Each structure stands twice: as structure tokens, then as C-alpha cells.
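Ready for a few exercises on reading a protein structure? Have a go at each task before you look at the solution.

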Amino acid sequence: MTDDRDKALAGAAAAAEVVDGMLVGLGTGSTATHAIEAIGAHVAQGLRIHAVATSRASEALARRLGIAMLDFADVPRLDLTIDGADAIDPRFFAIKGGGGAMLREKVVAAASDRMVVIADGSKRVAAIDAGPPVPVEILPFARASVLAALGAGAVLRGGEHEPYVTDNGNYIADCRIDLGDPRTVASRLAAIPGVLGHGLFLDEVDAAYFAQNGTVSRLERGDYSG
């Protein structure tokens, strides 16, 4: 069973939470794509919802699948957001941003009554400090000063000459940081002038669907035993 197949199973399971009349947030990345496709299949069968997307790529896919899209700038509250994660641990602490959309993803998650993460089993870790680097979205104007403040573990995604540019027109630094105390790290990152957002999701995730070797499990915040 491939990781991609497991991602598709997790996406389909989470899509089953979407019911008529909902306002849904659509995440970004390879796993979220599977959820969007599953929701699109339900829409084709008569499901009536509206959605917002956390990236231009996700919005374009959703529109192609016939999902009625809204501009998030006009939406104060959502019923549900479904998104992927790069790592998630037993505390429901997650790292997101491999797809470069963590700032929009966090804003949409914060406006949602419920956020569901979908992932293949490889994303389930004992602690997020065993996970990938923490992405940090930075204002291009403040690139040098922010990188200096982030320290030697920070690498500009794409490199100095062709940096990756987010949908917001900003850069991303991928940071190897000691995550022994994630909340302190999150506060420190947020306090750096020029940092616009980061990929530490410490309070946003309410439930997770994990798929591994063809089996899907759902865990709710508070009953994740690791």
C-alpha cells in the first residue's frame, strides 16, 4: 500500500464529515488534494456546500471539481477545515507548511469551529521535534534581519537567488529549532519583527485521520494516545 493511497483513504474518511449547508475550509498540499477530490465527488453526487481555499492551487482544483468557492476575506466563520500536516504528535501539536501555505492555513483554521488533519502514518511522530523543520513566513523587506534572528538553523527556501514566494508574496525560512518547549518557541517566533507566521499548530487541530497500510484511524484531541 503506497503512501499516496493511504493519503487518499484518509482524505476520503475526513470528507465524510462534510454535510449539506456547511462552510468548509480546504487545505493545501498532496494530502489535502485527496480530500478536495473526495469532497468534489460528493458535490457531483448532490452535496451542497460552500468552501474557501488556503491556496490558489487548492482553489483552482476545487473550482474544477464544481465546488462553490467563496473569498475568505468575506467569511467570518467556517464550520470545518480539512488539511494535511507534515508531523503531528500525541499532544496534537503539528508542524505544517511544507506546501508553503501555513499562514493562510492557520488563519482559516482559527476561523473554523473544527479543524481535521489528514495524514499517512509516517506523519505520526512521538514528538514534533522529531519532525521536519518549522517553516516561518517572512516579509521580504526583513529577510536578512529575520534570518539573523532565527539563527544558523534557518535556511531560506529556494535559496538566496531564487527564493520560494508564497501566495502572499512573502518568503519562507525552514528552521531547525529545539522544540523541547513548543509554546515558548511559537511565542519567540511570533515576536520577531518581520515574521508573519509560522508552521507550529499547537491549538488548532481537533481531530486527525491517519491511514497506514490501508487502515484508517480517527483520533480526537484528548484521546490521542500516541
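**Exercise 1: the largest pocket**

Keep in mind that you're looking at a predicted model. Task: find which residues lie nearest the centre of the largest pocket, then work out which elements line that pocket.

Solution.
- Step 1: start at the centre. Of the 14 residues that line the largest pocket, Ala53, Asp71, Phe72, Ala73 and Arg104 lie nearest its centre.
- Step 2: move on to the elements. Two or more lining residues come from each of α3 (56-64) and α4 (102-110). The largest share, four residues, belongs to α4.
- Step 3: sort the lining by class. You should get seven nonpolar, two polar and five charged residues.
- Step 4: add the volume. The largest pocket holds about 240 Å³ of space.

**Exercise 2: the second largest pocket**

Task: describe the second largest pocket by its space and by the classes of residue in its lining.

Solution.
- Step 1: the space in the second largest pocket is about 180 Å³.
- Step 2: 17 residues line this pocket, and Thr28, Gly29, Ser30, Ala85 and Asp86 are the closest to its centre.
- Step 3: look for the main contributor. Helix α2 (residues 30-44) gives the most to the lining, with three residues.
- Step 4: by class, the lining has three nonpolar, nine polar and five charged residues.

**Exercise 3: salt bridges**

Task: how many salt bridges are there? Then take the pair Arg48 and Asp20 and say where each partner lies.

Solution.
- Step 1: the count comes to 13 salt bridges.
- Step 2: check the distance for your pair. The side chains of Arg48 and Asp20 meet at 3.3 Å, N to O, and the cut-off for a salt bridge is within 4 Å.
- Step 3: place the partners. Arg48 is in the loop between α2 and β2 (50-53), while Asp20 is in the loop between α1 (3-15) and β1 (23-26), so this pair ties together parts that are 28 residues apart in sequence.
- Step 4: judge the exposure. Arg48 counts as exposed because its relative accessibility is 61%, and the cut-off for exposed is over 50%. Asp20, with a relative accessible area of 43%, is partly exposed.

**Exercise 4: another pair, and a network**

Task: are Lys96 and Asp83 buried or exposed? Then find which residues are joined with Arg218 and Glu220 in one network.

Solution.
- Step 1: Lys96 and Asp83 form a salt bridge through their side chains (3.1 Å, N to O). This pair links distant parts of the chain, 13 residues apart: Lys96 sits in the loop between β6 (94-95) and α4, and Asp83 in strand β4 (residues 80-84).
- Step 2: both Lys96 and Asp83 are buried.
- Step 3: turn to Arg218 and Glu220, whose side chains meet in a salt bridge at 3.5 Å, N to O. Shared partners join Glu17, Arg114, Arg218 and Glu220 into one network of salt bridges.
- Step 4: Arg218 is partly exposed, as its relative accessible area is 49%.

**Exercise 5: two nonpolar residues**

Task: why does Ile88 count as buried, and why does Leu139 count as partly exposed?

Solution.
- Step 1: Ile88 is in strand β5 (residues 87-88). Its relative accessible area is 0%, so Ile88 is buried.
- Step 2: compare sequence with space. Ile88 and Arg124 are 36 residues apart in sequence, yet 5.3 Å apart in space, C-alpha to C-alpha.
- Step 3: Leu139 lies in the loop between β8 (134-138) and α5 (143-150). Leu139 counts as partly exposed because its relative accessibility is 34%.
- Step 4: Leu139 joins Phe141 and Leu196 in a nonpolar surface patch, with about 340 Å² of accessible area together.

Notes:
Residues numbered from 1 in each chain as written. Predicted model: local features only at pLDDT ≥ 70, side-chain atom pairs only at ≥ 80, totals over all residues. Heavy atoms only, no water. Patch = residues over 30% accessible without salt bridge, like charges linked within 9 Å, V, L, I, M, F, W, Y side chains within 5 Å. Areas by Shrake-Rupley, 256 points an atom, 1.4 Å probe, with all protein chains shown as cover. Buried < 20%, exposed > 50% of the residue type's maximum accessible area, 1.4 Å probe, protein only. 1 Å grid on protein atoms, 1.4 Å probe; cavity = no way out; pocket = protein on both sides within 12 Å on 5 of 7 lines; lining within 4 Å. Points joined across faces, edges and corners; volume = space filled by probe spheres on them. Nonpolar A, V, L, I, M, F, W, Y, C, P; charged D, E, K, R; others polar.
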